[in-house]
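Hello,

Here is the structure I promised to send over. Have a look at it first, and then read on for my notes.

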Amino acid sequence: MRISRRGKTAFFLSLGVLLVATSAAVGFGWIILNWQQDVRVILGVLFFGAIVTGIILNTSFLVREIRRNEQHDSFINAVTHELKTPIASLRLYLQTLQRREIDDGQRREFYGLMLEDTDRLMNTVEQVLKAGEGGARTRDLIHVDFAAVVERCVERARTSHHLQNGALRYESSLNGSGSEVNGDPEDLRTAVSNILDNAVKYSGTRVDISVQLDSEEEKRLVLRVKDRGVGIPQSELKSIFKRFYRVRGRALAHVRGTGLGLFLVHTIAKRHGGRVFAESAGEGHGTTIIFELPRNNS
């Protein structure tokens, strides 16, 4: 399917270039033959320009739609996998509990694993729902201790990904004060959790993540999440915040996701008057996600 769509993209792009070239040849030929007749030349130039513009717009629209459809197909496949895997796991544990007599210790272990699977399901559903909401939500913002939100998200990430303290380190220069922002606590939790989850997923087999919260110029809070994972090519640093976008590469073939996490982070940052961007020296050199919010100085 992907090869077919790329073939269609190449076909429409080539067709558009050919039509533009043909129109240019015909148009300039007509102008040269009629250059002494001013009115005809002017009308011909205008008509020629309109045709070329229409062809370019039509071709770019077709190519963009083909790419968008490819992204939607990839998203559906990713969501299907994200839903199917924990459902299959839950079914297996439930069948085991139903058909076999097991001791209390193993039963409690099964319950814990099933709760993790349900958390994964809920997280996927929440991501899809929030991405569908986009920027439409207008919930009132309140005073939020952002440092406390980050600390809770770090602890949750350690627990859910079974990490040691050294694998996910948190430091703050705020010393328990000056970390208030005007925001939506749920949205801020979603943004920080998505950044941390992405850092863990793209760290590979060796998770080494540092989380730093600082203030800059007394006007904004800056959260930096740095991993030593697969890294991101320079050309894709801005694209990773687009809806459904996922970085491609052999090193990322094992990484699952919906392509919505960083899109939601970008949406939430914008809604709160902040911004988010990524830094990376390239593939194999890790990534740093910087999430900035206006500080509440009142």
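Let me begin with a charged residue: Glu-292 counts as buried, because its relative accessibility is 7% and the cut-off for buried is under 20%. Please keep in mind as you read that this is a predicted model. Glu-292 sits in strand E7, and its side chain is joined to that of Arg-220 by a polar contact of 3.3 Å. If we leave aside neighbours within four places in sequence, Glu-292 is in contact with Arg-220, Leu-221, Val-222, Gly-274, Arg-275 and Phe-277. Two of these names, Arg-220 and Arg-275, come back in a network of salt bridges that links Asp-214, Glu-216, Arg-220, Arg-224, Arg-275 and Glu-292.

Salt bridges elsewhere

How many salt bridges turn up in a search of the whole structure? The search finds ten. One of them is between the side chains of Asp-208 and Arg-169, at 2.6 Å from N to O. Asp-208 belongs to the loop between H5 and E4 and Arg-169 to strand E2 (residues 168–172), so this pair ties together parts that are 39 residues apart in sequence. Is Asp-208 buried or exposed? Asp-208 counts as buried, at 13% relative accessibility, while Arg-169 counts as partly exposed at 31%. Asp-208 also meets Arg-206 in a salt bridge, with 3.7 Å from N to O. Arg-206 counts as exposed, since its relative accessibility is 55%.

Another salt bridge joins Asp-187 and Arg-271, whose closest N and O atoms are 2.7 Å apart. Here Asp-187 lies in helix H5 and Arg-271 in helix H6, so the pair ties together parts that are 84 residues apart in sequence. Asp-187 is buried, with a relative accessible area of 2%, and Arg-271 counts as partly exposed at 26% relative accessibility.

Helix H5

That brings me to H5 itself. Helix H5 covers residues 185–201, and at 1.5 Å a residue its 17 residues should span 24 Å; the C-alpha atoms at its ends are 24 Å apart, so the two values agree. Of the 17 residues of H5, 13 are buried, so the helix is largely enclosed by the rest of the structure. At the start of H5, a side-chain oxygen of Asp-184 comes to within 3.0 Å of the backbone nitrogen of Glu-186.

The nonpolar cores

Which residues have the most contacts inside the largest nonpolar core? They are Phe-146, Leu-196, Val-211, Leu-223 and Phe-291, in a core of 40 residues. The elements giving two or more residues to this core are helix H4 (146–160), H5, strand E4 (209–216), strand E5 (220–227), helix H6 (261–271), strand E6 (275–279) and strand E7 (287–294). Another core lies apart from it and has seven residues, among them Leu-90, Tyr-93, Leu-97 and Ile-102.

Val-211 is a good place to start if you want to look inside the largest core. Leaving aside neighbours within four places in sequence, Val-211 is in contact with Val-150, Val-154, Leu-168, Arg-169, Tyr-170, Glu-171, Leu-196, Leu-223, Arg-224 and Val-225. Arg-169 in that list is the partner of Asp-208 described above, and Arg-224 is part of the salt-bridge network.

Aromatic pairs

The structure holds two aromatic pairs. One of them is formed by Tyr-93 and Phe-110; this pair is tilted, with 5.0 Å from centre to centre and 45° between the planes. Tyr-93 lies in helix H2 (residues 38–99) and Phe-110 in helix H3 (residues 104–133), so the pair ties together parts that are 17 residues apart in sequence. Both rings belong to buried residues: Tyr-93 counts as buried at 17% relative accessibility, and Phe-110 does so at 9%.

A loop residue to end on

Finally, Lys-238 is found in the loop between E5 and H6. Lys-238 is exposed, with a relative accessible area of 76%. Its C-alpha atom is separated by 7.4 Å from that of Ala-278, although the two residues are 40 residues apart along the chain.

Best wishes

How values were computed
Residues numbered from 1 in each chain as written. Predicted model: local features only at pLDDT ≥ 70, side-chain atom pairs only at ≥ 80, totals over all residues. Heavy atoms only, no water. Helix = DSSP H or I, 4+ residues; strand = E, 2+ residues; numbered from the N terminus. Expected span 1.5 Å × (residues − 1). Buried < 20%, exposed > 50% of the residue type's maximum accessible area, 1.4 Å probe, protein only. Polar contact = N/O pair within 3.5 Å; in protein donor to acceptor, adjacent residues only side chain to side chain. Core = buried A, V, L, I, M, F, W, Y, C linked by side-chain atoms within 4.5 Å. Contact = heavy atoms within 4.5 Å. Phe/Tyr/Trp six-rings, centres within 6.5 Å; stacked < 30°, edge-to-face > 60°. Salt bridge = Lys/Arg side-chain N within 4 Å of Asp/Glu carboxyl O.
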